[in-house]
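Reader: I would like a close look at a single part of this protein, followed outward to whatever else can be said with care. Could you take me through it in one connected account?

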Amino acid sequence: MGLLSTAALRADSAVLPRGFWAAVRVWLDKPQVANRRLCGAAIEAEGALLLGEDGDASPLLGSGEEAAGGAELSWIWREVRGDLLDFLAVRPGLELRVVLRALLPRVRPAGLPAPPVKELVVQDVCNGTVTFLPLEENSEGKYRIKKCNVYQIQLTHIKDEEWSMSIIAPSSEDWFSDGITYPKLSWLGNVLLSKLAKWSVEQKCSAFGSTLSLIPVAKYCKVYQDLKEKYKEMVKVWPEVTDPEKFVYEDVAIATYLLILWEEERKTKGLAKKQSFVDLGCGNGLLVHILSNEGHLGRGIDVRRRKIWDMFGPETHLEESSIVPGDSHLFPDTDWLIGNHSDELTPWIPVIAARSSYSCRYFVLPCCFFDFHGKYSRRQSKKTQYREYLDFVAEVGFVCGFHVEEDCLRIPSTKRVCLIGKSRTYPPTECSLVDEQITQFIRNRQIGAVVAPDREDGFNHSCHSDVCKEVSSELPENVMETASRIWMPGFQPREKVEQTRNCAALPRDFVDDVVLNVANLLLNAVPTKSCSNTHGGNMNTWNRGESLSLKEVAEHLNKETLKRLKSECGGLQTLLKNNHQVFEVLDGRVHIRDWRKEKPSRKTKPEVKRCLSAEAFKTRLCWFFIHHPDGCSLPSEFCPYAHGTVELRQSQAIKKKKHI
């Protein structure tokens with residue numbers, strides 16, 4: 001056998017074997033986390049086999065899918081047994097865990113669908129080996145092993161806490177690679193081995209489940225590729241200021257997930273008609289457009305019209321309207337409600353679904369953290385804020401009487417966990433009881449949160465002390481009466497016109513005055529080492545000033561300035577960070593930025609970012625050249641900013657606008 005690579009590991013002997021098999025399971029179920037050219041893997045059969053004489057195998061007793069999988073694997077084993085025994089150290093009575101999986105390519109060579117590659121994966125727990133045996137079908141439809149591409153992962157105990165992990169390829173000299181389902185030997189020995197070694201010793205447990213666990217992965221990959229090809233032109237004509245590739249392909253992925261989820265639901269329930277939907281807080285409306293084009297009757301509602309709406313045509317129904325949870329916003333004839341990054345509506349969507357009709361279902365993809373009455377306030381410190389918020393939204397679904405399921409989507413976002421309520425926990429006769437339960441739950445959430453005075457971050461924060469509860473218990477009893485009323489008086493939907501509150505709207509002369517005042521404060525905090533006026537900078541004489549905390553800086557600014565800054569969401573800190581040419585804010589302390597310490601652009605920097613950096617070069621005046629007593633710390637040829645108007649270049653962005 002040809003040894004490709006070996007990794008040395010140190011870990012507790014009682015812990016590492018479990019970690020190794022958990023890492024192998026990740027590579028089995030989600031190969032795309034290591035090989036991004038794969039869309040995923042579909043586990044077609046799985047079971048335990050007991051070896052007999054002459055290498056024959058019989059399935060161990062199981063139930064349900066396990067028993068069926070064992071029977072299928074036993075049949076495949078008999079077909080390939082002659083080739084298989086060359087690669088395994090088998091003996092009668094040995095128990096093996098066997099998996100049949102199909103590797104699903106992400107890319108399509110020459111524009112044609114790439115067929116999935118099947119693998120028989122044999123796990124020998126006793127000997128610490130897992131062998132990957134690619135399968136090929138002959139003209140008669142029978143399987144045979146592609147011998148040149150067999151590889152094995154071995155875990156070996158050296159002594160005490162010393163272990164080694166190896167990857168072996170028996171026929172390395174004949175190895176075939178397409179770079180996708182058949183990776184290169186160097187990738188197996190370097191990339192895969194290092195990832196498996198890392199996963200084996202990691203003790204952290206994910207707070208989230210598997211990706212695409214509620215739908216067939218193979219079908220998802222095919223439909224996603226079809227839709228991606230169908231809607232790729234949207235990237236070229238995207239009229240919004242947001243990143244077209246991210247938003248187009250993210251909505252394509254979400255649409256793919258919903259289409260397959262709904263198709264599986266129709267099969268289960270024996271439905272012929274495609275489900276209807278309403279997307280609450282639909283934003284750019286692309287998700288509505290795709291679902292409508294694929295045959296689902298639906299509409300999207302958002303408080304603010306987008307430019308792209310005009311591109312979709314009359315078959316895509318989009319409405320500009322604010323949604324206030326109440327009797328006027330129920331959807332009794334709708335099958336599914338969608339909340340895709342629906343912000344303040346997110347916790348309300350299960351409630352609206354529950355009260356719309358007994359048959360109404362919902363899908364939410366939470367992003368920003370909102371409670372029923374405003375911003376969500378953390379109550380647990382042992383969880384991440386994201387995990388805690390997902391648990392809260394799931395709890396809302398449970399209170400509304402839904403069986404809530406959770407899944408991870410395959411989208412380019414850090415917030416990719418969705419919650420789905422597609423069946424009820426109670427019979428239709430108990431709707432009024434559940435409605436009372438919902439009312440009480442929302443009232444308790446409001447009682448537990450009294451709005452505190454605005455702080456510098458611009459949000460309302462909640463107080464949960466006994467004093468707060470005592471004060472807020474005076475809320476009127478009829479706050480949640482539903483008869484021809486809104487369900488929570490004072491609910492604030494998103495504003496129709498988005499306000500820019502990141503200090504970008506402040507007058508330029510005001511910003512320049514604050515920047516100059518803060519810079520002088522830092523420069524004068526220690527005695528000036530040099531008053532040299534040579535614009536070349538010297539590491540020993542250039543005055544870098546002192547660092548001060550944000551609080552100390554704020555104390556030196558007048559009240560009117562602070563008040564004006566406080567009207568912006570980020571306040572003083574945001575203004576200083578926006579002026580990153582001059583300042584660096586680290587751990588709550590403000591420093592004068594020393595450009596001599598900035599790392600040069602790496603050669604591996606993405607091409608797009610390199611182009612942007614080149615376009616911005618010398619398009620703005622150097623603040624230090626004009627205002628710093630020692631001038632700029634960099635020579636002119638190395639400074640990205642212009643040393644005087646002679647060096648100033650016109651921005652490429654302005655040129656493009658003029659050209660357009």
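Author: Lys 195 has a relative accessibility of 27%, and therefore counts as partly exposed, the band for that class lying between 20% and 50%; the model in which this is computed is a predicted one. Lys 195 belongs to helix α3, which covers residues 185-201. Once the neighbours within four places in sequence are set aside, Lys 195 is in contact with Val 33 and Ala 34. The C-alpha atoms of Lys 195 and Ala 34 are 7.2 Å apart in space, although 161 residues separate the two in sequence.

Turning from there to the helices α4 and α5, residues 217-231 and 244-269, their axes come within 9 Å and cross at roughly 135 degrees, which means that α4 is oblique to α5. The crossing of α4 and α5 is right-handed, and the residues making the contact include Tyr 220, Val 223 and Leu 227 of α4 together with Val 252, Tyr 257 and Glu 263 of α5. Sorted by class, this contact of α4 with α5 has 12 nonpolar, 1 polar and 5 charged residues.

Tyr 220 and Tyr 257 appear again in the largest nonpolar core, which has 44 residues, and they are among those with the most contacts inside it, as are Leu 258, Leu 291 and Phe 363. Helix α5 gives the largest share of this core, 12 residues. Leu 291, leaving aside its neighbours within four places in sequence, is in contact with residues including Ala 255, Leu 258, Trp 262 and Ile 338. Apart from this core lies another, of 42 residues, with Ile 323, Tyr 362, Phe 370 and Phe 441 among them.

Methods. Residues are numbered from 1 along each chain as its sequence is written. This is a predicted model: local features need pLDDT of at least 70, side-chain atom pairs count only at pLDDT 80 or more; totals for chains, interfaces and linings use all residues. Side-chain values use heavy atoms; hydrogens and water are left out. Axes are lines fitted to C-alpha atoms, for helices over the stretch in contact, and angles run from 0 to 180 degrees between N-to-C directions. Helices (H or I, at least four residues) and strands (E, at least two) are DSSP runs, numbered from the N terminus. Angles under 35 degrees count as roughly parallel, over 145 as roughly antiparallel, 65 to 115 as roughly perpendicular and the rest as oblique. A crossing is left-handed if the near helix is turned anticlockwise from the far one by less than a right angle, and right-handed if clockwise. Contact means heavy atoms within 4.5 Å. Ala, Val, Leu, Ile, Met, Phe, Trp, Tyr, Cys and Pro count as nonpolar, Asp, Glu, Lys and Arg as charged, and the others, Gly among them, as polar. Buried means under 20% relative accessible area, exposed over 50%, partly exposed in between (1.4 Å probe, protein chains only). A nonpolar core is a set of buried Ala, Val, Leu, Ile, Met, Phe, Trp, Tyr and Cys residues joined through side-chain atoms within 4.5 Å.
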